[in-house]
Amino acid sequence: MTRPSAIPQPAAAASQPFSFDGPAVAAALDVALAAEPCLGARLRSIANHIPGRVAFSTSLGIEDQAVFAAIATADLPFDVFTLDTGRHFPETLETLEATEARYGRRIRITFPVAAEVEALVARDGIMGFRNAIENRKACCDIRKVRPLNTALAGANGWITGLRRDQSAGRAHVPFAEWDAAQGLIKLNPIADWSLATLEAYIKDNAVPINALHRQGFPSIGCQPCTRAIRPGEDIRAGRWWWENEDGKECGLHNRPKHKDADA
Ligand code: SF4
């Protein structure tokens with residue numbers, strides 16, 4: 001395949017680890033992905049221009065289902081995984097099974113370290129994340145952030161399903177950016193998609209989605225920390241609704257620079 005000359009090419013890929021100019025590739029991919037309207041073509045461009053392992057972390061939410069459908073349909077060799085926090089809705093696990101069956105592709109599941117979860121629950125209680133923001137962040141750190149860091153270790157790229165109109169905090173999400181702290185390129189191939197574009201893609205391609213999306217749950221996280229939203233509410237209003245609106249992220253997309261730091 002002929003590659004666009006604007007994107008720096010990786011060094012000869014004879015052995016691991018691959019050597020490549022991550023910041024330069026990220027900057028060029030940010031421009032290239034914006035110019036390509038087709039999701040499949042965006043993903044192929046990512047596969048063609050990032051050497052080594054490129055990971056896709058799916059939450060099994062509607063955005064990630066669209067991205068996974070495109071990856072599976074094009075049979076792209078990304079490392080697809082999901083984080084099982086131990087607190088998912090049953091509907092989320094049903095979505096996982098239905099997705100594997102629909103596309104004939106296994107999704108790798110990562111789990112938190114059992115001893116860390118046991119120590120957390122012994123300290124804070126089984127619902128301790130509702131008692132203080134610090135407790136909640138500690139729970140997200142142990143159940144999500146640390147397993148994510150482990151799963152991403154050694155990857156050169158990390159694909160997400162972030163969209164700019166999901167929330168005010170995501171309004172400036174780029175298509176590609178160099179994450180210096182993690183030493184990889186973070187890629188958001190549907191950053192510019194509206195909700196209407198996303199729903200049309202899901203419908204046109206018969207992509208399986210979580211049944212909760214049709215019950216008022218536009219954003220689905222752990223069961224104890226997610227509620228349905230009311231008409232007119234922000235689509236992430238149902239996440240950690242007992243906290244104020246500032247900083248309502250789980251830490252997956254604003255992770256600490258050091259892997260062992262608290263989120
Ligand atoms: S979303 Fe809630 S249950 Fe899930 S990891 Fe975070 S605090 Fe824990």
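**Note on the fold, the sheet and the ligand shell**

1. The chain contains 7 helices and 6 strands. The model is a predicted one, and the remarks below should be read accordingly. In sequence order, the elements follow the pattern α-α-β-α-β-α-β-α-α-β-β-β-α. Of the 263 residues of the chain, 37% count as buried. As to contacts between residues at least 6 apart in sequence, 70% of them join residues at least 24 apart.

2. The strands form one open sheet of 6 members, ordered β3-β2-β1-β4-β6-β5, and the pairing within this sheet is mixed. Its edges are β3 and β5 (176-179), each of which pairs on one side only. On average, and with direction ignored, neighbouring strands of the sheet are turned by 30 degrees against each other.

3. Strand β1 (residues 54-57) deserves a separate paragraph. Both of its faces are covered: Val54 and Phe56 on one side are buried, and so are Ala55 and Ser57 on the other. With strand β4 (residues 157-159), β1 pairs in the parallel sense over 3 bridges; Trp158 of β4 is the bridge partner of Ala55. With strand β2 (residues 79-83), β1 likewise pairs in the parallel sense over 3 bridges. Here Phe56 has Val80 of β2 as its bridge partner, and Ser57 stands opposite Phe81 in β2.

4. The sheet continues from β2 to strand β3 (residues 108-110), the two running parallel and being joined by 3 bridges. Within this pair, Thr82 has Ile109 of β3 as its bridge partner. The connection from β2 to β3 passes through helix α4 (residues 90-103), and this β-α-β crossover is right-handed. The preceding connection may be described in similar terms: β1, helix α3 (residues 62-73) and β2 make a right-handed β-α-β unit.

5. Two residues merit attention for their backbone angles. Most residues other than glycine have a negative phi. Leu60, however, is a residue other than glycine with a positive phi, near 70 degrees. Leu60 belongs to the loop between β1 and α3, and it is buried because 24 other C-beta atoms lie within 10 Å, where 20 or more suffice. Trp240 is the second case: although not a glycine, it has a positive phi of about 45 degrees. Trp240 is located in the segment after α7 (195-204). It has 25 C-beta neighbours inside 10 Å and therefore counts as buried. A check of the backbone of the model might include these two positions, Leu60 and Trp240.

6. Gln182 is placed in the loop between β5 and β6 (184-187). Its 17 C-beta neighbours inside 10 Å fall between the limits of 12 or fewer for exposed and 20 or more for buried, so Gln182 counts as partly exposed. Gln182 and Ala153 are 29 residues apart in sequence, while their C-alpha atoms are 8.1 Å apart in space.

7. The final point concerns the ligand. Its surroundings comprise 13 residues, of which the closest are Phe129, Cys139, Cys140, Cys222 and Cys225. By class, the shell divides into 7 nonpolar, 2 polar and 4 charged residues. Since cysteine is counted as nonpolar here, the four cysteines named above enter that class, as does Phe129.

Methods: Residues are numbered from 1 along each chain as its sequence is written. This is a predicted model: local features need pLDDT of at least 70, side-chain atom pairs count only at pLDDT 80 or more; totals for chains, interfaces and linings use all residues. A residue is near a molecule or strand if its C-beta atom, placed from the backbone, lies within 6 Å of it. Helices (H or I, at least four residues) and strands (E, at least two) are DSSP runs, numbered from the N terminus. Two strands pair if DSSP finds at least two bridges between them. A crossover is right-handed if, with the strands pointing away from the viewer, the path from the first strand over the helix to the second runs clockwise. Axes are lines fitted to C-alpha atoms, for helices over the stretch in contact, and angles run from 0 to 180 degrees between N-to-C directions. Two residues are in contact if their C-beta atoms, placed from the backbone, lie within 7 Å.
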